Every structure is written in C-alpha cells, then in structure tokens.
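Okay, thanks for coming, everyone. I'll put the structure up and then walk you through a few spots in it.

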Amino acid sequence: MANPLRRVMASSQISQWFGPSTIYIPSQSDLGFLAEFLIIGGGGGGGYSTSGGGGGGGFVAGYAYLPASFTLTIGAGGTAGTIAATGGKGANSVVADIIAIGGGGGATGAGNGQDGGSGGGPSWEIAYQPGKAQQTNLFPNATLLAGLGSGFPGGAATDQNYRGGGGGGAGAAGATGGASGNGGTGLASNITGSAVTYAGGGGAGDYPSSPGTGGAGGGGNGSAVTVGSPGTANRGGGAGGGANVANGGAGGSGFVALRFLSSLSLSVGGGLTSTNATSGGYKLFQFTAGTGTVTFS
C-alpha cells in the first residue's frame, strides 16, 4: 500500500484540491537566519574645560532572525569637545533594522550634556542638565526572539568642586559632579568567548584636582591638567572631559559581533573590517569598522 502521507502531498492532488499556487513552503532565506548578536554604538566625546564626560554607546544584545542580505554599520566615536563645540555624539551602529544608538557628548564649558544611547555629562554649574538615555529595551522596526537594550543618563551638576557630571554607561548613570564625576559602568557580554565589558561612560574634567574616572567598559578618564582621555575603540566608551581650558577626549568606536551555526556562511562586503573564527559548531564574526553589506547563505 502506498504511503498515505506521500499520496496526500502529491503535487497533482495539491493542484486539484487547492490550486497550483496556493501551497507555499518557505525557504531558509524567507524565514531568516538565526543569529546571536551584540551591537555597541559609538561613545560620546568628552566636554571642554571642567565639563562632562561623554556617554557610552547604546548596548544591544540578543537573538534574531536576520535577512539573507542587510547593511551593517560600525558607529564612529564622537568628536572631542572644544571651546567652539560640545563633545560630539557617537554614531549609531546598525545590523539590519536593529540599532545601537551613539552615546551623547559631554558639555562644553557651560552647557547641557547631550542625549544619546547613554547621556553625556553637563557642566559643573547647577543650571545645566545631564543628557538623557535614548537606548531602550525595545528596538523600533526590529523583529527579535529575545533582546536587551540598555543606556543610562549622565550625572547631574551640583555647583561643587568645579567638576562636571560623568557620562552615563550601559549599566549605570554617571555620577554627579560634586560627588565624583565618575562615568557610569558598562555591561558585560561573553559572545566572543570571554566576558568583556562595553559602553562605559567617560569621567568628568575638573580643576584643580580630582577629575572623574571612566566607567568600566572603555570609558575615558577626565583630566585636571590636560585633555580628557579618549574612550576605548571598539568598546563604545565615552570619553573623559578636559581640564580647565582643555579639550575633552574623542569617543571610542562601536562594535558588532554575530554568532551563528557553522553550517551557515556569511559573506562580508567591501567597506567593513572584520575577523572570523569557527569553534564548537558555531561561527563568530567580529566587526570593528566601516559600513557595508553582509550576506548569509
């Protein structure tokens, strides 16, 4: 006797029962390609002259079905704050439609911290406000199986000690200027095989002593004598604020990691800098600069 399931699935019977184009069996590319991801936005630049630290880049991690071909972008760090310009906001890092927002820049001289993935710190004067965190736990336009997005605001100004507020990090807000002006701590991920902390906030500049320290996760230290320290590249660290009449540091660039079954292939287009390795049945691609198209097969 013929297999009844095979008889039911015969193409002639499907056409007879439902019409030739009604039944559709989706392909792998239609369903998407399952991947674990980590996306870190570029860190914010530090403020000029005893002002705030830059905010860490937005931190986004989780699992998603990614399309067969999409654009991937590594966000650059924000520019250093000068007498003429506030610390620059970090650029967004993007995987398909999932976005890690760049960190907010620290204030220049007298001013507010910028909003960003995590917010930048303000001037030490109490009239000025810290930057708000824009990275939330929900990602517009993204279809996720599971995910976490995180960012925190910069530290408040207190009119004490000539020290701006610390930049926010992915794991905590920046500290107030009068307390310490330290940058907020970042968050850790083990997607690369060991725990690494990303997206720490920058410490505030000060005068004449005791600047804020950068938060764990690549945040740069503030300075009391010279320019602020930069945020760490490919960690999305916010930069430190500068000393009296000194520039802030530049924010650290962002980062993307994708991990998926070794049975899949990923082609990386021109314009992107990446490395890859295979271990334990999985491939890991790490992207450190540029923008371009990547394609699964």
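Let's agree on a term before anything else: by a salt bridge I mean a side-chain nitrogen of Lys or Arg within 4 Å of a carboxyl oxygen of Asp or Glu. Also, keep in mind that this is a predicted model.

With that meaning, the structure holds two salt bridges. One is E36 with R259, where the closest N and O atoms are 3.6 Å apart. E36 sits in strand β1 and R259 in strand β9, so this pair ties together parts that are 223 residues apart in sequence. Are the two partners buried or exposed? E36 counts as buried because its relative accessibility is 18%, and a cut-off helps here: buried means under 20%. R259, at 30%, is partly exposed.

The other bridge joins the side chains of D206 and R163, at 3.7 Å from N to O. D206 is in the loop between β8 and β9, and R163 is in the loop between β6 and β7, so here the linked parts are 43 residues apart in sequence. D206 is buried, with a relative accessible area of 2%, and R163 counts as buried at 7%.

Now the inside. Which residues have the most contacts within the largest nonpolar core? They are L66, L72, L258 and F287, in a core of 23 residues. The elements giving two or more residues to this core are β1, β2, β3, β5, β9 and β12. Take L258: leaving out residues up to four places away in sequence, its contacts include L66, L72 and F287, and also E36, our salt-bridge residue from a minute ago. There's a second, separate core of eleven residues, with I40, F59, I191 and A199 among them.

Next, β3. In a regular strand, side chains alternate between the two faces of the sheet. In β3, F70 and L72 make up the covered face, while S69, T71 and T73 are on the uncovered one. β3 pairs with β12 in the antiparallel sense over five bridges, with T71 opposite T293. β3 also runs antiparallel to β4, joined by two bridges, and there T73 stands opposite V94.

Last stop, S253, in the loop between β8 and β9. S253 counts as buried, at 18% relative accessibility. Who's around S253? Setting aside neighbours within four places in sequence, S253 is in contact with G42, G75, A76, G77, T232, A233, N234, R235 and G236.

That's my tour, so over to you.

Definitions and conventions. Residues numbered from 1 in each chain as written. Predicted model: local features only at pLDDT ≥ 70, side-chain atom pairs only at ≥ 80, totals over all residues. Heavy atoms only, no water. Core = buried A, V, L, I, M, F, W, Y, C linked by side-chain atoms within 4.5 Å. Buried < 20%, exposed > 50% of the residue type's maximum accessible area, 1.4 Å probe, protein only. Helix = DSSP H or I, 4+ residues; strand = E, 2+ residues; numbered from the N terminus. Contact = heavy atoms within 4.5 Å. Pairing = 2+ DSSP bridges.
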